[in-house]
Amino acid sequence: MKMIEVKDYQEMSKRVAEYIIEKVRTSKKLNLGLATGGTPVGTYTNLIEDHKQNYTSYQDVTTFNLDEYVGLSGDDSNSYRYYMNDQLFDHIDIHKSNTYIPRGDASDMQKECLDYEKLLTEHGGIDLQILGIGSNGHIGFNEPGTSFDSNTHLVELAPSTREANARYFSSLEEVPTKAVTMGIATIMKSKEILLLISGENKSEALSQLLHGEVNESFPASVLRNHPYVTIIADKAAIAAEKVRN
Ligand SMILES: N[C@@H]1[C@@H](O)[C@H](O)[C@@H](COP(=O)(O)O)O[C@@H]1O
């Protein structure tokens, strides 16, 4: 794993966006894996700005999101489909039909998981996956204890994850208890991974990722087994990490 240190959230967002833009511009066809949460919002804002100013085109890009809440339709403002349309897709020239997110309101969720995994394989897998990290080490919605062999599957969200995401809902009770997520094995099949870590509240996770053991109790640790991972971390996440060690 390579780590790039940046000053702050703004610099992280700019650097990640520049990296994505370069890939979009130089690839004939790109399968881009995308994440939600607060961390990549600044990156998406930078992509939109660049699209407006420099006309970077996303017509040959296909995107695959990591996860979705079970029970929410794409029209629900708390769904990740809504988030992606709002934060990125509605503002660039990507074909909406080339943006894939697991459906949280499918009538047969087991089938939805199998179909999503199959879709990824049929498209030849992800070229570049953008990842955030939960403070308990979750990636996508793969909570501690998830098998490293898992494919796209249904999960029960950890109480700490529901609490962390409650800020987007009007109450904790409204946060869904289940989600559908790419599995650890799915994520590990990506050719390249960019992991974004920002803020002091992620420093413990960063520390564990860099110095802890590789095991299923800390899902992100699996990334140490991947040949091409770059962590982009800001000073706040790193400084607190250094104090601890
Ligand atoms: N499912 C998402 C993850 O994909 C995200 O990386 C993580 C961190 O979120 P944030 O960036 O808001 O800290 O938690 C969420 O629950």
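Helices and strands here are DSSP runs, numbered from the N terminus. The model is predicted.

Start with the annotated domain. UniProt, in an unreviewed entry, lists residues 10–224 as "domain: Glucosamine/galactosamine-6-phosphate isomerase". Helix accounts for 34% of this span and strand for 15%. The C-alpha atoms at its two ends lie 26 Å apart.

Next, the annotated active site. The unreviewed UniProt entry places the label "active site" on Asp-67, Asn-136, His-138 and Glu-143. Take Asp-67 and His-138 in turn.

Asp-67 belongs to strand S4, which covers residues 67–69. Is Asp-67 buried or exposed? It has 23 C-beta neighbours inside 10 Å. The cut-off for a buried residue is 20 or more. Asp-67 therefore counts as buried. Its contacts, leaving aside neighbours within four places in sequence, include Tyr-80 and Pro-102. Asp-67 also meets Gly-140 and Phe-141. A further run of partners is Ala-179, Val-180, Thr-181 and Met-182.

His-138 sits in a loop, not in a strand. That loop joins strand S6 (128–131) to strand S7 (153–156). The neighbour count for His-138 is 25 C-beta atoms inside 10 Å, so this residue is buried. Which residues does His-138 touch, not counting those up to four places away in sequence? They are Glu-143, Thr-161 and Pro-219. Glu-143 carries the "active site" annotation as well.

Now turn to a helix pair. Helix H1 spans residues 9–26, and helix H2 spans residues 41–54. The two pack with their axes 8 Å apart, at an angle of about 55°. Angles from 65 to 115 degrees would count as roughly perpendicular, and those under 35 as roughly parallel. The angle of about 55° therefore makes H1 oblique to H2. The crossing is right-handed.

Both helices supply residues to this contact. From H1 come Tyr-9, Gln-10, Ser-13, Lys-14, Val-16, Ala-17, Ile-20 and Ile-21. From H2 come Gly-42, Thr-43, Thr-45, Asn-46, Leu-47 and Asp-50. By class, the contact between H1 and H2 holds six nonpolar, six polar and two charged residues.

Finish at helix H7, residues 203–211, where Leu-206 lies. Leu-206 has 24 C-beta neighbours inside 10 Å and so counts as buried. How far apart in space are Leu-206 and Glu-173? Their C-alpha atoms are 29 Å apart. In sequence, 33 residues separate the two.

Technical notes. Residues are numbered from 1 along each chain as its sequence is written. This is a predicted model: local features need pLDDT of at least 70, side-chain atom pairs count only at pLDDT 80 or more; totals for chains, interfaces and linings use all residues. UniProt positions are given in the numbering used here, feature names are shortened, and annotations may be inferred rather than shown by experiment. Helices (H or I, at least four residues) and strands (E, at least two) are DSSP runs, numbered from the N terminus. A residue is buried if 20 or more other C-beta atoms lie within 10 Å of its own, exposed if 12 or fewer, and partly exposed in between; C-beta atoms are placed from the backbone. Two residues are in contact if their C-beta atoms, placed from the backbone, lie within 7 Å. Axes are lines fitted to C-alpha atoms, for helices over the stretch in contact, and angles run from 0 to 180 degrees between N-to-C directions. Angles under 35 degrees count as roughly parallel, over 145 as roughly antiparallel, 65 to 115 as roughly perpendicular and the rest as oblique. A crossing is left-handed if the near helix is turned anticlockwise from the far one by less than a right angle, and right-handed if clockwise. Ala, Val, Leu, Ile, Met, Phe, Trp, Tyr, Cys and Pro count as nonpolar, Asp, Glu, Lys and Arg as charged, and the others, Gly among them, as polar.
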